[in-house]
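User: I should like a close look at the buried interior of this chain. Please explain each term as it arises.

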Amino acid sequence: GAPLPTLRCALPAGGRCVAYASDASLVAAGLDDGSVVLLRVPSGGGGGGGGAGRGGSESLVLGSKGGGRALEDIKFAPGTTAAAGGLLACAGHERIIEVHRVIADARAPGGVRLSPVAACRGHTGTVTHLDWSSDGKLLMSNCTAKEALYWTAATGKQQPAGRAAAAVTWATYTCPHGFPAM
């Protein structure tokens, strides 16, 4: 078969985690310094490996998150694309999950920008895993203290881990603790 397209860009800090938007139009990387880099993938899937800004790609940097501590997981909500927008969640050593809206904006570098939506606070350890519900309204998270917590993404409010959480259909399931693992 044909070789897969590749893109290369220089990151401002070491990469820790990566996520792809539903249509592969965006790649998000969580970094060692707590920042997020968004890479807009050119239509047609990229080129033979130019740097950022070549072949239509641009990297966007979201400023350092409180304290600049490393991110451990980053995920786009189902249906998020560069054209339609959507949500992006990122979490790590700060024990906070930050939810950002991905907004198509012709004036922004790469035609996309991030806007803060909510901060989910309640974990007692480093947040290590995130998963979105299929409808993109709920987040499930795990931390190093083996907590499984559930959140309303739009508000950052913690939800009880009862029957309602057990009935949720998840778009992904990477969390090792929670109802789908029972």
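Analyst: The following account begins with the whole chain and then turns to the interior.

This is a predicted model, in which local features need pLDDT of at least 70 and side-chain atom pairs count only at pLDDT 80 or more, while totals for chains, interfaces and linings use all residues. Residues are numbered from 1 along each chain as its sequence is written, and side-chain values use heavy atoms, with hydrogens and water left out.

The chain contains 1 helix and 12 strands; helices (H or I, at least four residues) and strands (E, at least two) are DSSP runs, numbered from the N terminus. Along the sequence, the pattern is β-β-β-β-β-β-β-β-β-β-β-β-α. Of the 182 residues in the chain, 44% are buried; buried means under 20% relative accessible area, exposed over 50%, and partly exposed in between, with a 1.4 Å probe and protein chains only.

A nonpolar core is a set of buried Ala, Val, Leu, Ile, Met, Phe, Trp, Tyr and Cys residues joined through side-chain atoms within 4.5 Å. The largest such core has 16 residues, of which Leu-26, Leu-38, Ile-74, Phe-76, Leu-88 and Val-102 touch the most other members. At least two residues of this core come from each of β1 (15-20), β2 (26-31), β3 (36-40), β5 (71-76), β6 (86-92) and β8 (112-121). Strand β5 gives the most, with 3 residues.

Val-102 shows what such packing involves. Leaving aside residues up to four places away in sequence, the residues that Val-102 touches include Leu-26, Phe-76, Leu-88, Val-112 and Leu-114; contact means heavy atoms within 4.5 Å.

Apart from the largest core lies another, of 15 residues, among them Ala-118, Trp-132, Leu-149 and Trp-151. Trp-132 belongs to strand β9 (residues 127-132) and is buried, with a relative accessible area of 1%. The side chain of Trp-132 reaches the backbone oxygen of Lys-75 at 3.1 Å, a polar contact (a pair of N or O atoms within 3.5 Å; within protein, one must be able to donate a hydrogen and the other to accept it, and residues adjacent in sequence count only if both atoms are side-chain atoms).

Finally, confidence should be considered. The mean pLDDT, the predictor's confidence in each residue from 0 to 100, is 84 for the chain, and 83% of the residues reach 70 or more. Confidence is highest in β9, at a mean of 97, and lowest in strand β4 (residues 59-62), at 57. Over residues 45-57 the pLDDT is below 50.
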